[in-house]
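Please look over the sequence and the model below. The paragraphs after them go from single residues to a strand and then to the contact between the chains.

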Number of protein chains: 2
Amino acid sequence: LPAPRSKPDMNGKYKVAVDAMTSERGVATVVNAAADALQELPDLELILVGDPSQLEPLMKAHKGLDAARCSIEPALQVIGMDEEPGSAFKAKRDASVSVACRLVKDGKAHAAVSPGNTGASVVAATLTLGRIPGVRRPGILAFMPSKSGSTAVMDVGAVVDCRPEDLVLFAIMGSACVELVLGKQEPRVGLLSIGEEDIKGNEQIFATFAMLQKAPVKFIGNVEGRDIFGSRVDVVVCDGFVGNVVLKTAEGTVRFVVHTLKEYFSKAGLLVKLGAWLAKPAFRHLAQRASDDEYGGAFLLGVAADFIIAHGSSNQLALKNAIRQARRCAEYGLTAKLAARISQVSSEVTA
Amino acid sequence: LPAPRSKPDMNGKYKVAVDAMTSERGVATVVNAAADALQELPDLELILVGDPSQLEPLMKAHKGLDAARCSIEPALQVIGMDEEPGSAFKAKRDASVSVACRLVKDGKAHAAVSPGNTGASVVAATLTLGRIPGVRRPGILAFMPSKSGSTAVMDVGAVVDCRPEDLVLFAIMGSACVELVLGKQEPRVGLLSIGEEDIKGNEQIFATFAMLQKAPVKFIGNVEGRDIFGSRVDVVVCDGFVGNVVLKTAEGTVRFVVHTLKEYFSKAGLLVKLGAWLAKPAFRHLAQRASDDEYGGAFLLGVAADFIIAHGSSNQLALKNAIRQARRCAEYGLTAKLAARISQVSSEVTA
C-alpha cells in the first residue's frame with residue numbers, strides 16, 4: 001500500500017495525474033478542463049499524461065492555463081474504448097492510463113483521473129497500484145440523482161459476478177466515500193433487491209443480507225430500483241452487472257422522456273409550443289440534475305490509491321469536476337481511510 | 001396440457017376468469033372494469049371470482065354491466081400482497097387466484113386475470129395449470145414503452161436465478177408473444193448485458209449468448225439497458241432479478257423526472273409557470289406513454305394456459321385492458337402456439 005498522500009507536497013500542492021488522450025471529446029477538451037481546474041483550485045498541480053506533440057501546442061495556445069502548475073508526462077500509447085482491457089493493458093505497457101497510474105505509484109502524483117475505457121482503467125489501476133489489503137475486487141461507485149440530492153450506487157460495472165464478501169466491502173467503502181463527498185455521517189446502506197422484505201431476492205442477496213446485518217455500516221435492508229431516486233437510502237449496494245444495467249436503464253429512461261416530450265412539442269399547436277418555450281428553464285434544470293457532471297465521474301474504490309473514472313463523453317465541466325474530485329480524495333485521504341476501516345473489519349472478523 | 005382453447009365456446013364466447021378480490025383499488029374497480037370490457041367486446045364472457053356478498057351488490061348496482069355475460073364463482077379466501085407465495089398457496093386452497101386457475105384447468109374459462117400478489121399468481125398458475133412441456137420455470141413478460149412503440153422484457157421477476165436454458169425459452173416465448181400483441185413478425189431478440197460486444201457480461205450471459213445463437217429466434221446479440229427504450233430490439237431477455245430491477249428503476253426515473261419538473265415549476269416565476277400550464281397536454285401524453293395501462297398487465301408465459309398478471313394498483317382502464325388481453329390470448333391460442341414451438345425446439349435438440 002503506498003503511503004496515504006493526504007498531505008500536500010512540500011510546495012503545498014495536491015498533484016493529480018490526468019490521462020489526457022482518451023476523452024471522446026478530444027485532447028483539447030482535457031486541456032481546457034485542466035485550465036479551469038487550475039483556476040478554481042489554487043493548491044492544485046496537474047500532470048497531463050499523453051502525446052507531447054498534441055498537448056504542447058494546445059497548452060501554449062490556451063491563455064488561461066497556468067503553465068507553472070501544469071506539466072506533461074509523455075505517453076505515446078492509447079487504449080481504445082473497444083479494446084479488451086486485460087490484453088490491451090498487457091500489450092500497451094506505456095498506455096496513457098497506465099503511465100498515469102505509475103505516477104501515483106511512484107509518489108509523483110496524489111491521485112489519477114481517466115476518461116477512457118472503464119475496464120482498462122480498472123485493470124491498469126488494480127495491477128499498477130495494487131489493492132487495499134482485504135479487498136478481493138475493487139468496485140466502481142457512481143452517484144445518481146435523487147429527490148434528496150444524490151444516491152451512491154456501487155458497483156456499477158467492475159465486478160460482474162460478485163461474492164457476498166465483495167458486496168459487504170462495497171457497503172463499507174461506499175459509506176466512507178459518501179461521508180466524504182456528500183458530508184453525510186452514517187449513510188444509510190441498502191441492498192438492491194426485488195422487494196423490501198428479506199424473503200425477496202436471489203441466493204446472492206440472501207447471503208449478503210445476512211452478512212450486512214453484522215457489518216459496521218448502517219444497513220437498512222433491501223431496497224428497490226425506484227428507491228435510488230427517492231430519499232430513504234444513501235448507498236445502494238449491488239453486483240456490477242446489475243448496477244451497470246441500472247445506470248443505463250435510468251439513462252435510457254431519461255432519454256425516452258425527453259424524446260417523447262420533444263416529439264409531442266414538434267407536432268403540437270402554437271400554444272403548447274409556446275408553453276414548451278416558456279418552460280425551457282425547467283428542462284435545463286432537469287438536464288443538469290439528471291447529468292452527473294457535478295461529480296465528474298465515478299470512484300474506483302478498493303485500489304491502493306485514489307482514482308476517478310470520468311465518462312468517456314465527459315464535457316469540459318465534467319472533466320474539471322472529475323479533477324476536483326480527485327484532489328478532494330487526495331486531501332481527505334480517502335484510500336487511507338478505506339484501508340483503515342477495512343483492516344479494522346478484518347481484525348474484527350479474525351478476532 | 002389442457003386442450004388449447006383457441007376456439008370460443010358453443011355460444012361463440014371467450015370466457016375469462018377474473019380474480020376480483022386482490023386489486024389494491026378494491027372490488028368495485030374490478031366490477032367497473034368488467035362492465036367496460038363486456039361493453040367493448042361482444043364475444044366476451046366473464047367469471048368474477050370472489051366473495052359473492054361483496055360482488056353481488058356491486059354488480060346489481062352497476063347499470064352498464066351486462067349481467068347475462070357476467071357470473072360469480074365463489075371464493076372466500078384471499079392471498080394478501082405481502083404473503084409468502086408458496087406457503088399462502090398451500091394454506092389457502094380456495095384463494096380467489098387459485099379458484100380462477102381451477103376454472104381454466106376445468107375448461108370453464110379460456111384464460112385468467114389476477115391483479116394480486118405476483119408471486120402467488122405464478123405459484124397458483126404453475127401448480128394448478130401445470131407447465132408447457134419443456135418449460136422448467138414460467139416467466140413474466142412485461143411491455144415497456146420505447147421510441148418505436150413498445151419493447152417486451154422477459155423475465156421481470158418470476159425466476160431470480162435463471163439457467164441459460166430458461167433464458168432461451170424466454171426468448172422463444174417472448175418472440176411468439178410479441179408477434180401476437182404487437183403484430184411484428186420475426187421480432188428482434190436481444191440479451192440484456194452490460195455492453196454490446198459479446199465479451200461483455202457475466203457467466204450466465206456468456207453461456208446464454210452461445211445458446212441463443214443457435215435458437216430459432218432472430219437473435220441480434222447483447223443489448224444494454226438504454227436499448228429497451230430505443231428502437232433496435234423487440235424482445236429483451238434477462239434474468240428475473242435483473243428484469244425486475246430494470247422495471248422499477250425505469251419507474252423510479254420517470255417519477256424523479258416528474259418530481260424534479262414539478263418542484264421547479266412550483267418555485268418558478270410566472271412565465272415559466274404559464275409555460276408549464278400551456279405545455280400540460282405534453283405531460284399528459286408522457287404519463288400515458290410511460291404507463292402500461294394499454295397492456296393492462298404482464299403475461300405469465302410457460303404455464304399451460306393463458307394468464308395475465310395485472311398490476312395490483314391497476315386502474316379501471318388497465319384492468320379492462322388486462323381482460324381484453326386475456327381474451328386476445330385465448331382467441332389467438334397463445335399457450336398452444338408456445339407449446340407447439342417449444343416441442344419443435346425440444347425435438348430439434350434431441351434429434
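**A walk through the model**

A:Asp155 sits in the loop that runs between β6 and α6 (164–182) of chain A. The model is a predicted one. In it, the peptide bond leading from A:Met154 to A:Asp155 is cis, with omega near 10 degrees. Chain B has a cis peptide bond between B:Met154 and B:Asp155, where omega is about 10 degrees. B:Asp155 belongs to the loop between β6 (149–154) and α6 (164–182) of chain B. As background, most peptide bonds are trans, and most residues other than glycine have a negative phi.

The phi angle also deserves a look. A:Glu186 is not a glycine, yet its phi is positive, about 45 degrees. This residue is in the loop between α6 and β7 (188–192) of chain A. Is A:Glu186 buried or exposed? A:Glu186 has a relative accessible area of 57% and is therefore exposed, the cut-off for exposed being over 50%. In chain B, B:Glu186 likewise has a positive phi of about 45 degrees without being a glycine. B:Glu186 lies in the loop between α6 and β7 (188–192) of chain B, and at 57% relative accessibility B:Glu186 counts as exposed.

A:Asp234 is found in the loop between β8 (218–223) and β9 (235–237) of chain A. Its relative accessibility is 3%, so A:Asp234 counts as buried; the limit for buried is under 20%. What does the side chain of A:Asp234 meet? One polar contact, of 2.8 Å, links it to the side chain of A:Lys184. In addition, a polar atom of the A:Asp234 side chain lies 2.8 Å from the backbone nitrogen of A:Arg188. With neighbours within four places in sequence left aside, A:Asp234 is in contact with A:Thr151, A:Ala152, A:Val178, A:Lys184, A:Pro187 and A:Arg188.

Next comes a strand of chain A. In β5(A), 8 of the 8 residues are buried, so the strand is largely enclosed by the rest of the structure. Its two faces are both covered: A:Gly139, A:Leu141, A:Phe143 and A:Pro145 are buried on one side, and A:Ile140, A:Ala142, A:Met144 and A:Ser146 on the other. Strand β5(A) runs antiparallel to β6 (residues 149–154) of chain A, to which 6 bridges join it. A hairpin of 2 residues connects β5(A) and β6(A), and A:Leu141 is opposite A:Met154 in β6(A). Strand β10 (residues 298–301) of chain A is also antiparallel to β5(A), with 3 bridges between them. Within β10(A), A:Leu300 is the bridge partner of A:Ile140.

The last topic is the contact between the chains. Contact involves 54 residues of chain A and 54 residues of chain B. The two chains bury about 5,000 Å² between them, and carbon and sulfur atoms give 77% of that area. There are 4 salt bridges between chain A and chain B. In one salt bridge, the side chain of B:Glu224 meets that of A:Lys248 (2.3 Å, N to O). Across the interface, 10 residue pairs are in polar contact, both residues at pLDDT 80 or more. On the side of chain A that touches chain B, the elements giving two or more residues are β5 (139–146), α7 (203–212), α8 (240–267), α9 (270–278) and α10 (280–290) of chain A. Of these, α8(A) gives the most, with 20 residues. That side of chain A divides into 28 nonpolar, 14 polar and 12 charged residues.

Definitions and conventions:
Residues are numbered from 1 along each chain as its sequence is written. Chains are lettered from A and ligands numbered from 1 in the order in which they are written. This is a predicted model: local features need pLDDT of at least 70, side-chain atom pairs count only at pLDDT 80 or more; totals for chains, interfaces and linings use all residues. Side-chain values use heavy atoms; hydrogens and water are left out. Contact means heavy atoms within 4.5 Å. Buried area is the accessible area (1.4 Å probe) that two parts lose on being put together, summed over both. A polar contact is a pair of N or O atoms within 3.5 Å; within protein, one must be able to donate a hydrogen and the other to accept it, and residues adjacent in sequence count only if both atoms are side-chain atoms. Helices (H or I, at least four residues) and strands (E, at least two) are DSSP runs, numbered from the N terminus. Ala, Val, Leu, Ile, Met, Phe, Trp, Tyr, Cys and Pro count as nonpolar, Asp, Glu, Lys and Arg as charged, and the others, Gly among them, as polar. Buried means under 20% relative accessible area, exposed over 50%, partly exposed in between (1.4 Å probe, protein chains only). Two strands pair if DSSP finds at least two bridges between them.
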